Amino acid sequence: MKNNNVLNYLIIGAGPVGLYAGNKLKSKKKSFLIVEKRNNIGGQPIILYPEKEIENIPKIKRITSRQLTENWSKKVKRDILRSISIVKINKCDDNFEVLLDNMPRIYVKKILFCTGLGILTPTPLEIPGIKNNVLYDINDIDVFENKNVIVLGGGDSAVDYAIQISKIAKRVVLTHRREEMRISPQKKKTLANSKVVVLLNKTPIKIKNNEAIVLKDNVVGSIESIPFDFVVVQYGHKVESNKYTYLCKLKLENGKIIVNTKQMTNIENIYACGDCCSYKNKQLTIAAGMKEVDKVLS
């Protein structure tokens, strides 16, 4: 095997820590590839709270999850494979052979796991009539331009999406089944000053002709239909722990990868950084994950 056919690093996971690692390698002019199982990049922050400001990022005072993802993906977007699963990792001489789902195999010198807490699966909307245009993850916010959009949910992600979409949409209705939303007073103020129409104590019961959602008032029992072009569902996510079945020799503890003080796993030249790894006094922050990456790539 020729050395020029072997990448320096494979980064598994395109969350904040994986994107940061990619930028570090880009600045060092090292060859690498980032593999992400989901179609979206940015990891848990971009899914759960895209417009929330992230604190304690070194050298950055104020930045939202979306802005951080956009900034860190600019230089590495051509080095990311999305919606790709790893089938098997084999030791091959001094390198690793990586078999990818529906892709040619690749060869790498080192592997860096940045897989976070696991795979987030959205809680589905389970009502009759669902066909098209019911979304859980948003890849391109521009699809909502001049459209009627309904956002379902009462937490940070639902409110963040509703406010963001309202800047370009024709109309945005945010509906929640309870009387109060699970958001901060500051976010309530921001929501009140936006163009979003808020409907509380409403439960969706069906979608009619793929063009209107039928809501039931939880207090008086009345029924109303609201037309839509898109429905965005934000009912939360379930976390599926990483299995790592494609690398059975990897040592885990409570679903997390065990690493030493240099972030190396029990397998030489395989490292782990961010929320996916475990060691004494481990901190679950993006800033901590960045420091871990710095240790590996210094």
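These legends accompany several close-up views of a predicted model.

**View 1. Five strands line up in an open, parallel sheet.**
Reading across the sheet, the order is E8-E15-E9-E10-E11. Strand E8 (134–135) and strand E11 (197–200) are the edge strands, and each has a single partner strand, so one side of each has no neighbour in the sheet. At one of these edges, E8 pairs with strand E15 (residues 230–233) over two bridges, in the parallel sense. Look here for Leu135, which stands opposite Val232 in E15.

**View 2. Strand E9 sits beside E10 and is mostly covered.**
E9 and E10 run parallel and are joined by five bridges. Within this pairing, Leu152 faces Thr175 of E10, the two standing opposite each other. How many of the residues of E9 are buried? Four of its five residues are. Helix H4 (residues 156–166) lies across strand E9 (148–152), and also across strand E10 (171–176) and E15. Relative to E10, H4 runs at about 165 degrees.

**View 3. His176 is a buried residue of strand E10.**
The relative accessible area of His176 is 2%. Who are its companions, once residues up to four places away in sequence are set aside? His176 touches Gly153 and Gly154, then Met181 and Arg182, and finally Leu199, Leu200, Asn201 and Lys202. For orientation, strand E11 covers residues 197–200.

**View 4. Helix H3 keeps its buried residues on one side.**
In helix H3 (residues 65–73), the buried residues are Ser65, Arg66, Leu68, Thr69, Trp72 and Ser73. They span an arc of only 165 degrees around the axis, which places them on the same side of H3. What covers them? The cover includes helix H1 (16–27), helix H2 (43–48), H4 and helix H6 (286–297).

**View 5. Aromatic rings meet in five pairs, two of which are shown in detail here.**
The ring centres of Tyr20 and Trp72 are 5.5 Å apart and their planes stand at 45 degrees, so this pair is tilted. Tyr20 belongs to helix H1 and Trp72 to helix H3, so the pair links distant parts of the chain, 52 residues apart. Both Tyr20 and Trp72 are buried. The second pair is Phe144 with Phe230: their ring centres lie 5.3 Å apart with planes at 85 degrees, so the pair is edge-to-face. Phe144 comes from the loop between E8 and E9 and Phe230 from strand E15, so this pair ties together parts 86 residues apart in sequence. Phe144 and Phe230 are buried too.

**View 6. Rings also gather in a cluster and sit beneath lysine charges.**
Phe113, Tyr244 and Tyr246 are linked into a cluster by ring pairs. Elsewhere, the charged end of Lys91 sits over the ring of Phe96, at 4.4 Å from the ring centre. A second lysine, Lys295, has its charged end over the ring of Tyr279, 5.9 Å from the centre.

**View 7. Two asparagines in loops have a positive phi.**
As background, most residues other than glycine have a negative phi. Asn102 is not a glycine, yet its phi is positive at about 60 degrees. Asn102 lies in the loop between strand E5 (95–100) and strand E6 (106–113). Is Asn102 buried or exposed? Asn102 is exposed, with a relative accessible area of 74%. The other asparagine, Asn210, has a positive phi of about 55 degrees. Its place is the loop between strand E12 (202–208) and strand E13 (212–217). Asn210 counts as partly exposed, at 23% relative accessibility.

**View 8. Ile205 in strand E12 meets Ile127 from far along the chain.**
These two isoleucines are 78 residues apart along the chain, while their C-alpha atoms are separated by 5.9 Å. Besides Ile127, Ile205 is in contact with Pro128, Val214, Lys216 and Ile223, leaving aside neighbours within four places in sequence. With a relative accessibility of 33%, Ile205 counts as partly exposed.

Key: Residues numbered from 1 in each chain as written. Predicted model: local features only at pLDDT ≥ 70, side-chain atom pairs only at ≥ 80, totals over all residues. Heavy atoms only, no water. Pairing = 2+ DSSP bridges. Contact = heavy atoms within 4.5 Å. Axes fitted to C-alpha atoms, helices over the stretch in contact; angles between N-to-C directions. Buried < 20%, exposed > 50% of the residue type's maximum accessible area, 1.4 Å probe, protein only. Arc of directions from axis to C-beta. Phe/Tyr/Trp six-rings, centres within 6.5 Å; stacked < 30°, edge-to-face > 60°. Lys NZ or Arg CZ within 6 Å of the ring centre and 35° of its normal.
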